[in-house]
Every structure is written in structure tokens, then in C-alpha cells.
Amino acid sequence: MFEVLDPSIPPNWEVQVGLGDSPGYVTIGPRSWQRPGFWEYMSDWSPLSAEATADYDRELEIMLAHAARTH
């Protein structure tokens with residue numbers, strides 16, 4: 001399905017199990033990206049879009065800084 005190019009995990013990533021109505025549902029990534037509706041807010045131009053975009057940018061900066069330190 002995909003190839004892992006970097007086995008390190010950014011410090012802002014978390015594993016969450018059982019989000020939503022499915023006890024077996026697993027997500028991996030920044031906590032703010034895992035909240036319900038986050039990706040919809042990123043694309044729907046709602047009042048929450050600015051907050052979602054700010055969260056996205058902040059988390060991405062953490063991941064890029066981590067990648068720069070580990071490579």
C-alpha cells in the first residue's frame with residue numbers, strides 16, 4: 001500500500017484507539033488532526049476553517065523540524 005521511508009515518529013504524533021463509534025478504529029498523527037471534523041473544516045470555508053488551518057500549519061512545522069533534526 002505504501003513504503004515507509006522514515007521510521008522515526010514526530011514528537012507531536014499520538015495513537016488513538018476507538019474514536020467515533022468503532023472501538024477498533026485506530027488513528028495515528030497529531031491530536032488536533034484527529035478531532036472529528038478536522039479535515040472537513042480544512043476544506044469547507046466554515047468559521048472553523050481558520051482554526052483548522054492554524055492547527056495544520058503548527059503541527060506541520062513540528063513535523064518538519066523533527067525531520068530536519070533526524071536527517
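The expected span of a helix is 1.5 Å times one less than its number of residues. Helix 3 of this predicted model has 22 residues and reaches 31 Å from its first C-alpha to its last, close to the expected 32 Å.

## Overall layout

The protein chain contains three helices and two strands. Read from the N terminus, the order of its elements is β-β-α-α-α. Its C-alpha atoms fill a box of roughly 35 × 30 × 20 Å along the principal axes. Of the 71 residues in the chain, 24% are buried.

## Helix 3

The buried residues of helix 3 are S49, A52, D55, E59, M63 and H66. They cover an arc of only 125° around the axis, which puts them on the same side of helix 3. An α-helix has 3.6 residues a turn, so residues three or four places apart point the same way. The face turned away from the buried side of helix 3 carries the exposed residues A50, E61, A68 and R69.

Two of the buried positions are acidic residues that also take part in salt bridges: D55 pairs with R35, and E59 pairs with R58. D55 has a relative accessible area of 9% and is therefore buried, the cut-off being under 20%. E59, at 8% relative accessibility, also counts as buried.

## Salt bridges

Side chains of opposite charge can pair when their charged atoms come close. The structure holds four salt bridges, and three of them are listed here with their closest N to O distances.

| Salt bridge | N to O distance |
|---|---|
| E14 and R31 | 2.9 Å |
| R35 and D55 | 2.8 Å |
| R58 and E59 | 3.9 Å |

The E14 and R31 side chains meet in a salt bridge. The pair links distant parts of the chain, with E14 in strand 1 and R31 in helix 1 (residues 31-34), 17 residues apart. E14 is partly exposed, at 29% relative accessibility.

What does the salt bridge between R35 and D55 tie together? R35 lies in the loop between helix 1 and helix 2 and D55 lies in helix 3, so the pair ties together parts that are 20 residues apart in sequence. R35 counts as partly exposed, with 26% relative accessibility, whereas D55 is buried at 9%.

In the salt bridge between E59 and R58, the closest N and O atoms are 3.9 Å apart. E59 is buried at 8% relative accessibility, while R58 is partly exposed, with a relative accessible area of 42%. Salt bridges with shared partners join R35, D55, R58 and E59 into one network.

## Aromatic pairs

A pair of aromatic rings is described by the distance of the centres and the angle of the planes. There are five aromatic pairs in the structure. One of them is formed by F38 and W39, which are edge-to-face with 4.9 Å centre to centre and 85° between the planes. F38 is buried, its relative accessible area being 0%, but W39 is partly exposed at 45%.

W39 also forms an aromatic pair with Y56, again edge-to-face, at 6.1 Å centre to centre and with 75° between the planes. W39 lies in helix 2 (residues 38-43) and Y56 in helix 3 (residues 49-70), so this pair ties together parts that are 17 residues apart in sequence. Y56 counts as partly exposed, at 25% relative accessibility. Ring pairs link W33, F38, W39 and Y56 into a cluster.

## Nonpolar surface patch

Which residues form the nonpolar patch on the surface? The patch is made up of I9, W13, V15, V17, V26 and I28, with about 600 Å² of accessible area together. Strand 1 (13-17) and strand 2 (26-30) each supply at least two of its residues. Strand 1 gives the largest share, three residues. V15 lies in strand 1, and at 55% relative accessibility V15 counts as exposed, because the cut-off for that class is over 50%.

Key
Residues numbered from 1 in each chain as written. Predicted model: local features only at pLDDT ≥ 70, side-chain atom pairs only at ≥ 80, totals over all residues. Heavy atoms only, no water. Patch = residues over 30% accessible without salt bridge, like charges linked within 9 Å, V, L, I, M, F, W, Y side chains within 5 Å. Areas by Shrake-Rupley, 256 points an atom, 1.4 Å probe, with all protein chains shown as cover. Helix = DSSP H or I, 4+ residues; strand = E, 2+ residues; numbered from the N terminus. Buried < 20%, exposed > 50% of the residue type's maximum accessible area, 1.4 Å probe, protein only. Phe/Tyr/Trp six-rings, centres within 6.5 Å; stacked < 30°, edge-to-face > 60°. Arc of directions from axis to C-beta.
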